[in-house]
Structure formats: structure tokens, C-alpha cells
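My notes for today cover salt bridges first, then the way two chains meet. I kept them short and in the order I looked things up.

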Amino acid sequence: MSLVSLKKINKFYKVGAHALHVLRDVDVDIAEGEMVSIMGSSGSGKSTLLNVLGILDAYDSGEYLLDGTPIRGLSERRAAQYRNKFIGFVFQSFNLLPFKTALENVALPLYYQGITRRRRNKLAAQYLEKVGLLEWSEHRPSELSGGQKQRVAIARSLITQPRLILADEPTGALDSETSHQIMDLLAEIHAGGITVVVVTHEADVAARTQRIIRLRDGKIATEAASTSPTPSTSTSTSPSPSPSPSPSTSTSTSTSTSTSTSPSPGSEQAG
Amino acid sequence: MFSLDRWQEILGTLWRNKLRSALTALSMAWGIFMLVVLLGLGNGLQAGVEHGFADDATNSIWLFAGQTSRPHKGLPIGRRVVLANRDVGKVDALPAVDHITGRYFARGGMFGGEITIRAGAKAQPFDVRAVHPGHLYLEKTLMKAGRYLNDTDVAERRKVVVIGLPVAAFLFGPANAIGRWVEINKVAFQVVGLFDDEGGEGEQKKAYIPITTAQAAFNGADRVNMLMFTVGNAGVAESKAIAAEATALLAEAHDFSPDDPQALRVRNNVENFQTFMQIFSMIDLVMGLMGVLAIVAGVIGVSNIMMIVVRERTKEIGIRKALGATPANIVGSIVQEAVVLTASAGYLGLVAGVGLLQLIERALPPNEMFGPPRVDLGIALGATVVLVVAGALAGFFPALAAARVNPIVALRDE
């Protein structure tokens, strides 16, 4: 059974008198343990799709099952519980609370689980150590670099041990070197068995995932199975290096012309 | 609900927004402060008036003999009306009259003047009142030692005097004054009683002698300048009727028109007291209203700032929601913040207001204009509770709206 199952999801934004159709009959299935990227140009609805996945935003029609549970009509309380325990978020703009230290930011999701301060801070220190920022735990976000902020945000997303990490342009505000480190970190998380969904418009970022979902004008353009059906999946025990050869095979199988151009810089960088 | 964590979050937020918190607290504290001070001052003014009345019977009517200003039965105007001891008896015979006294102004003028009282080497002018025994009730004289004047004193023109505690202290020091002799206008009087009076030192520095003794000593024949009597618990209308009845009685006896306002001047204390009380309950009302308006201004200030707070924190609310905060978490913390802020500020305003009133009370001893400016603490606490609830509501509705917004909308807020 898939962890995430979207069937014929539609979403509209009201813009004045008109309704903007941002998601059109989107069907997505993501299995537990997958690492998937959602690609598309700006305005393609990729962030909206991720927000729907994260129960941060509502949808107008269709069916969304998260681990078999229908998400529609979920009470605010239950939605908050899902966001807290099941899902971890990583945002392009980090969304750290500026007045809290790195440690307090990481510990914050546990506050909403009613866990004691001592235990929260102990766990937060462990997760900061995992992302290599233990010595920065007493610093506020303004004193951290972009990459450090994103690592704090990733530590925060992991602290509740979620089953699904949703990353919205996690490297969008970072330089390529730092982007690389962040993607390494996400790949590592994936290797630990957590399902990871990354929204990006950068092909080299998408190339490091197992599968690319392309959105165009709110529709699934192609389900470019970048790695999954090919024999390389068996070798995907080490996720970070393996996706690099696979896009070349996927482009050969995919028919769309847009996909053929995009993975090429990714493969260049990998090679 | 009241976890240490929550408190740390709230105090942290308040501390981060020091200026905003201070302004909210100020508008709140000011409202309560104004309410307390205004109510206190209103009470002080009222207490002052009540104090002014406290030393006299408020259910009394005073009649002053004057000059005729209207022709009556062919008699000209400008005739002096001269009351006599027998008039006191006539008025006393009226069923509505309770206690009665005449007053003879030994030194002429209004209420007479001061007369030197001497005891050995000590001498000083005091106000000596020539009265009937009923004066005890009209002046609310409080006997401390010995006795007041009695009917025998009046009938036999005894040379006895009742003196106030300060007078006794001046003349005799701490020694017992009862039975001692004093000279009043070079006539020896024996002290038979010591009194106190709630009207303050002015009312205590007096001496009372029988009216008949004074009339004899000061060539007064049987003249009475003034009549005072109480009317039980008669209302304003009743008291006016009684005054008219007494006036008619005296008009008949002394041949002046009962409608002549100058021949016999009437001071109806029942009416005066009620008028004063009405004025001061109006002043109280106005003061209270101003206080309430100050509170309303405080509520508006608090509401405004809480709305800004929620607006300012939309993004933070979005982040917290994405991390798993329920709407109850969000609303609870904002409302609690508002309550903590308004309650502590209200308390400060309350303390400051009561403090100022106590300073005023210390600086201004009770007098005829102004009594102790006390405030009903229940009202002040009630007003604080109103402000706290208003602050909570002011935080509650915007917080509820913010907590219900899709987290992504809140997150987008920059």
C-alpha cells in the first residue's frame, strides 16, 4: 500500500471573479521509503501539490489518502496531529522562529506533544548533532548561514520521527555547494527509511531522487520514473550516487521533449 | 494548561515586544487608575458634605427672627420681629416637633459673638451658646463627662456651663474640669459637663449655657433670636409643611404675614440635605461615567494592540501550525498573554490609584469640602476584571481567525 495516494485532486484559487485551476485531476502515488521530486516551472502547481500533501492547504475535489487515512474533512486538531507526528516540513525560506535559538527551534514540535523541556532539549541536541550543528545550538537563526539554517530546519523536521519529509525548494535559497550538502542530508534521511518528497525546479536536485513527477499547468506532465523500473533500483541501497546514471535511461524511455533537455545538466554534474 | 513552558513562552513574547507590551499595559493601567481616582475623589467630596452635616441634625428646621418686608394688617414694613421664650413653647406644642431649642445671641449679630472665658490666669474668647436643653439633639453634642443642661437649669437661671474638651484642656489642662468655676463676662459659672462634637475643633471649642441665664446676664429680657427643632423622620414635603405651620403660628403671634420671607427666615435642613445629596450623587455619577469612559478607552487600546499582535504574528502562527500546533494551542497562548498583560497592568493601575488617594487623604485632613477619598475596592476590582475579560476577548477573536487560516496562507505572510 502506498504511503501517499492522490486521486483526481483538483484545486482552485479564487482570483477576483475567476477561479484559477491550479491542480487538475492530479493522481500521485508514493510508496513508503521512496524519494520523489516534484518538478515544474513556477506556477505549475508544484508547491500547491506539496502543501496539499502536507495538509497545509485544502483541496477542492478528489481523494487523498495518507497512510490509508482519508484526509478530507479532517478536524483542525487531527490535522495538527498529522503535521506534528507524521510529517516533517522543510521550507525554502527555512521558517525558523527568529527569536528562538537553534536548539529551541528544533525542540518546538515536541512542545506540541507535551514533552517536558528537559527531554525536548536533550532530543533536540541529538538531532542538531546529527546535522553537525551541536556547537551552534545556542545561536539564533540570524547568526546562522543559509545552509546552517536549513540544517536546523531539517533537524526540526526529523525530531518527531515522521514517516514523511516534505521539502519545498529546500535548496532554493542556497548556493550550489550548500545545496549539494543539503541534498546529501536528505538522501541520508531517505536512506534511513523515511519517505522524502522534494519540490524543486532544479534538475540536478531532482536528479538525486528516485522518481520525478513533472507538473505543467497543474497537470501531471509525465511520471518520469527516473529510477524505479530499471535494474538500478536494486543498487539503490546507496541512494546518493545511484540516481545519477538513471536519468539518462529515463529520458530515453520518456517521450516528452522537455524532459530530455532537463536531465542533461544533471547528468553532466553527476558525471 | 498553566504549565511553566506556557508561562515562559508568554513572558518571552511580552519581553520581546517591550514597547508594545508597555503601551498595552499603560492604556490598561491608565483606565483603572482614572476610574479609581475619579471614584475616590467623588466619594471624598460626598464624604466632605456628609461630614459637614454630620455634626448637626439633618432632620432639623431653623427659624431666624428678621424684619418684616410686607405690610400686614396695616402695619408697616421694616418692623423687627422679636421672638420670646414663650414662642419656643408654642412651637414645641406642634405634634411634629421633636426636640426644640431657642438660641439667644448674647453679643448680637448672627449667632452671637465670642465671649471671654476665664479660669484663674487663663483666658480666651470662645463661642458661648445660650440654648435650651434640646440643643443637645440639634447639634448632636456628645457628652463625655458630667451632664448637659437641663430644664431646671433653664427654669432657675442657674449659672452652669457645659464646655468642649479643647476648652477644658485650655482652661484646666489635664485636671478634672467638672465642678470647677469659670468666669464668663465676669460672671462665675460652674462647669457641669464636658462634650465632644464630630464637627471638628470649631464645634468643640464652644460652651453652652442656659438661655435664660444668658438673657439675664446680657440684658436680653426674654428675647430669642433663633428657633431650632427636629422633625423626626419627616420627608421633604412634610418638613416644608411643618415649617409653614410653625411660621403661621409665629406670624399670628407677632403680626406679620406668613408669606413674608424676611420676617422669619427658614432654613430647612431636611430639604438642604436632600438637595446636597442629589447634587453629590450627580457628581458621583459623572465621576463614575468618566471613569467608565476611561475604561472604555483602555479596552479599545487593548483591543487595538491585541489585533496588531495577532496580525504581526501571522507568520509565526503559520510556522507553529505547520509544526503541529492546534488552534486551541494558538488561541490559548494569545489569550493567556492578553490576560497576563491586562491583569498585571490593571493591578498596577489599581495600586497606583489607591496609592494616590491615600496620599491625598494624608495631605488633606477631613474638612467641610473634602472627606477621606476612599474607593469601593469591589468596584475597582470589578473594573479590572472587565478590562481583563475585554483584553481576553480582544485577543480571542483575532487569534481564532488566525488559528483557522490555512497554515500555508499564514506562512506566505511576510
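**Entry 1: a pair in chain B.** I started with Arg129(B) and Glu203(B), whose side chains meet in a salt bridge, 3.5 Å from N to O. This is a predicted model, so I am reading computed values throughout. I then looked up where the two partners sit. Arg129(B) belongs to strand E5 of chain B (residues 122–131), while Glu203(B) belongs to helix H7 of chain B (residues 201–204). They are 74 residues apart, and the pair links distant parts of the chain.

Buried or exposed, I asked of Arg129(B)? Arg129(B) has a relative accessible area of 9%, which is under the 20% cut-off, so it counts as buried. Glu203(B) comes out at 16%, so the same cut-off of 20% makes Glu203(B) buried too.

**Entry 2: another pair, checked the same way.** Arg158(B) and Asp153(B) form a salt bridge, with 3.1 Å between the closest N and O atoms. Here I wanted the accessibility of each partner. Asp153(B) is at 0% relative accessibility and counts as buried. Arg158(B) is at 31%, and it counts as partly exposed because that value lies between the 20% and 50% cut-offs.

**Entry 3: a network.** Next I pulled up Arg313(B) and Glu316(B). Their side chains meet in a salt bridge at 3.4 Å, N to O, and both residues are buried. Which residues are linked with them in a network of salt bridges? I found Arg20(B), Arg320(B) and Glu337(B) in the network along with Arg313(B) and Glu316(B). For the whole structure, over all chains, my search gave 22 salt bridges.

**Entry 4: chain B as a whole.** I stepped back to see what these pairs sit in. Chain B has 14 helices and 13 strands. It runs to 414 residues, and 50% of them count as buried. I also checked how contacts spread along the sequence: among contacts in chain B with a separation of 6 or more, 78% are between residues 24 or more positions apart. The accessible surface of chain B is about 18900 Å², and carbon and sulfur atoms account for 62% of that.

**Entry 5: where chain A meets chain B.** I turned to the contact between the chains. Chain A puts in 27 residues and chain B puts in 24 residues. Together the two chains bury about 2200 Å², with 56% of that on carbon and sulfur atoms. Which three residues supply more of the area that chain A buries against chain B than any other three? I noted Phe99(A), Tyr111(A) and Tyr112(A), which supply 27% of it.

**Entry 6: polar links across the contact.** How many salt bridges are there between chain A and chain B? I count 1 salt bridge. Lys321(B) forms a salt bridge with Glu76(A), and their closest N and O atoms are 3.2 Å apart. I also count 7 residue pairs in polar contact between the two chains, both residues being at pLDDT 80 or more.

**Entry 7: the chain A side.** Last, I looked up which helices of chain A touch chain B. Helix H2 (76–85), helix H3 (102–111) and helix H4 (117–130) of chain A each supply at least two residues to that side. H2(A) gives the most, with 5 residues. Sorted by class, the side of chain A that touches chain B has 15 nonpolar, 4 polar and 8 charged residues.

Conventions
Residues numbered from 1 in each chain as written. Chains lettered and ligands numbered in written order. Predicted model: local features only at pLDDT ≥ 70, side-chain atom pairs only at ≥ 80, totals over all residues. Heavy atoms only, no water. Contact = heavy atoms within 4.5 Å. Buried area = accessible area lost by both parts, 1.4 Å probe. Salt bridge = Lys/Arg side-chain N within 4 Å of Asp/Glu carboxyl O. Polar contact = N/O pair within 3.5 Å; in protein donor to acceptor, adjacent residues only side chain to side chain. Helix = DSSP H or I, 4+ residues; strand = E, 2+ residues; numbered from the N terminus. Nonpolar A, V, L, I, M, F, W, Y, C, P; charged D, E, K, R; others polar. Buried < 20%, exposed > 50% of the residue type's maximum accessible area, 1.4 Å probe, protein only. Areas by Shrake-Rupley, 256 points an atom, 1.4 Å probe, with all protein chains shown as cover.
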